[in-house]
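Please look through the sequence and the model shown here before reading on, and keep both of them at hand while you follow the text.

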Amino acid sequence: KFQLIGRAVISYLIFLLIPIIERKKDTERYIQSVVVNTGETLTFSVVLFLGVTAIIGAVEILLFNIGSNLYYYIFTFSASVFGVTFFLSRLKGVNENMEDYDISGVGKVLLSYIVIPLIIGYTTILYIYSGKIIILMKLPKGIVSHLVLWYMTFSLFIIVMVTPLVKENKLIEKFKRWFPLFSVPLIILAFISIFERVFQYGITENRYIIIMIIIWLMFSMVFYIFRTNVKIVIISLISLIFVSLYTPLNMVKISEISQNRRLEKLLINNGFLKDGKLIKNQDADLKAKKDIIDIVDYFYNYYDLIGKNRKVIKVNGKEYKDKESFVTEIGVDSSWYISDIKEINNNTYVEYIESVDTGNGIINIGNYNYFVSGEKFYDNKVVSSEQFEIKVISKDEIVFISKNTKEEIGKINLKEEARSVYAKVEKEVKEKGESGVLIATEKMAIAGEKGKVRYKIFFKSINLRKDGEIEKYWYDIYFSIQ
């Protein structure tokens, strides 16, 4: 739950804030001492735990059995008793003079000659990417917001940690002075990246968190350009967490409003909502159906992240307390559950619907007598019924064999069938020009006869390399034996 994590983070930030709230100077040096103390405490606690468990392990191996519960008690003692006591004993007093406090030489070398150069190198790469975006006039990838924000948050932490060292190290002094200024364009890049996703798919809790971090980082970096005060940075972070969890503008409420608006727009644009009423429309675009199902799953298949009641769909003022009542009104059936569109090794994917549950192998079905999923051949080289069996004789070929006569009654080359299917939809795929393209179910099917086998194959997806060669495919087969 985010509420529990939020309380823990707020509590720790208040723990850091209270001792420095009245300090006129050396606030960053006090924070530095707490961080170093935390690292030392973790190191000592781990060493104590490993050392004692090694002794007990030797006793159990060489002398007598002690019992596994003792390891848990040792861990509890190391973390809760020794760790907490050691940490609190080394905390500096609220009024204690910090002028003589200094981190170790190893710590200075780590910050000055390893951490800061790595941050500068990473920043350079992001600026090169920004230049590429400007030259090509393309919007940044969605992942850019993550690549920028988590490193930027770490960099802000490093700025706080190195502030006490600016007078003795010119590299640190220049880093602290110039990095906040150079960070602003990158934060704007992250902002553009995440809002591209918001524009396409609306706000969710995860995107809300990213937006709030962007706001906090922009405020903090701009603030650090003009003056240094870690108290303001901590207070602003506490405020943002409080707003995100405990106000009417919390992440769940805003996400619920955004996704409801997105859903209503999809319903109107695709003919499911007319004159304020929901109607069925099986002729709607496959992509629209997939988007609607994704939103429905968001509302009803995931619990709220801040411990409140589940979110509900609201359309034209009417609330739908459960998934079934909503999907029934718009006529959702199995054809709506479209597979995820994926990009792997820059290959082209053609996908349409998820496979039917095939139970234990071959079953009777419709106009054809039998049905088998290609997934059955991944784990087994043979699937059987009472009259015949199907064997995999190569990667792309299956053969039907009569159990009575032991004769081959039909052979299908699956790759050839996949090529024939792709030839039918190749023009449509290239016109859409995407790495993942949704194709109607019937267009992904091919029927034929081989020997005594009459069949129809539905290809659920076809994966092609850039050279046009088929690499993988997933399929279901409906067939009859004549």
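What follows is a walk through three helix contacts and one pocket.

The model is predicted, and a good place to start in it is helix α5, which spans residues 144–162. Two packed helices are described by the angle between their axes and the distance between the axes. For helix α4, made of residues 105–136, and α5, the axes come within 11 Å and cross at roughly 150°. Because angles over 145 degrees count as roughly antiparallel, α4 and α5 are therefore described as roughly antiparallel to each other, and their crossing is left-handed. On the α4 side, the residues that meet α5 include L111, V115, I119 and L126, while their partners in α5 include V144, L147, Y151 and I158. The residues of this contact of α4 with α5 comprise 14 nonpolar and two polar ones, with no charged residue among them.

The contact of α5 with α7, the helix of residues 205–226, has another geometry to consider. Here the axes come within 10 Å and cross at roughly 40°, which makes α5 oblique to α7, and α5 passes α7 in a left-handed crossing. Among the residues of α5 that take part are L149, W150, L156 and I159, and they belong to a set that meets residues of α7 including I213, W216, L217 and Y224. Sorted by class, the contact of α5 with α7 holds 13 nonpolar residues, four polar ones and no charged ones.

A third partner of α5 is α2, which covers residues 27–62. The axes of α2 and α5 lie 7 Å apart, and the two helices pack at an angle of about 110°, which makes α2 roughly perpendicular to α5. From α2 the contact takes E28, I31, Q32 and V35, and from α5 it takes F157, V160 and M161. By class, these are five nonpolar residues, one polar residue and one charged residue.

With these helices in mind, we can turn to an open space in the model. The second largest pocket has a volume of about 870 Å³, and of the 29 residues that line it, V9, L13, W216, L237 and I241 are the closest to its centre. Which helices each supply at least two residues of this lining? They are α1, α2, α5, α7 and α8, and of these α8 gives the most, with eight residues. The lining of the second largest pocket contains 25 nonpolar and four polar residues, but no charged residues. W216 therefore deserves a second look in the structure, since it appears both in the contact of α7 with α5 and among the residues closest to the centre of the pocket.

Key. Residues numbered from 1 in each chain as written. Predicted model: local features only at pLDDT ≥ 70, side-chain atom pairs only at ≥ 80, totals over all residues. Heavy atoms only, no water. 1 Å grid on protein atoms, 1.4 Å probe; cavity = no way out; pocket = protein on both sides within 12 Å on 5 of 7 lines; lining within 4 Å. Points joined across faces, edges and corners; volume = space filled by probe spheres on them. Helix = DSSP H or I, 4+ residues; strand = E, 2+ residues; numbered from the N terminus. Nonpolar A, V, L, I, M, F, W, Y, C, P; charged D, E, K, R; others polar. Axes fitted to C-alpha atoms, helices over the stretch in contact; angles between N-to-C directions. Parallel < 35°, antiparallel > 145°, perpendicular 65-115°, else oblique. Left-handed = near helix turned anticlockwise from the far one by under 90°. Contact = heavy atoms within 4.5 Å.
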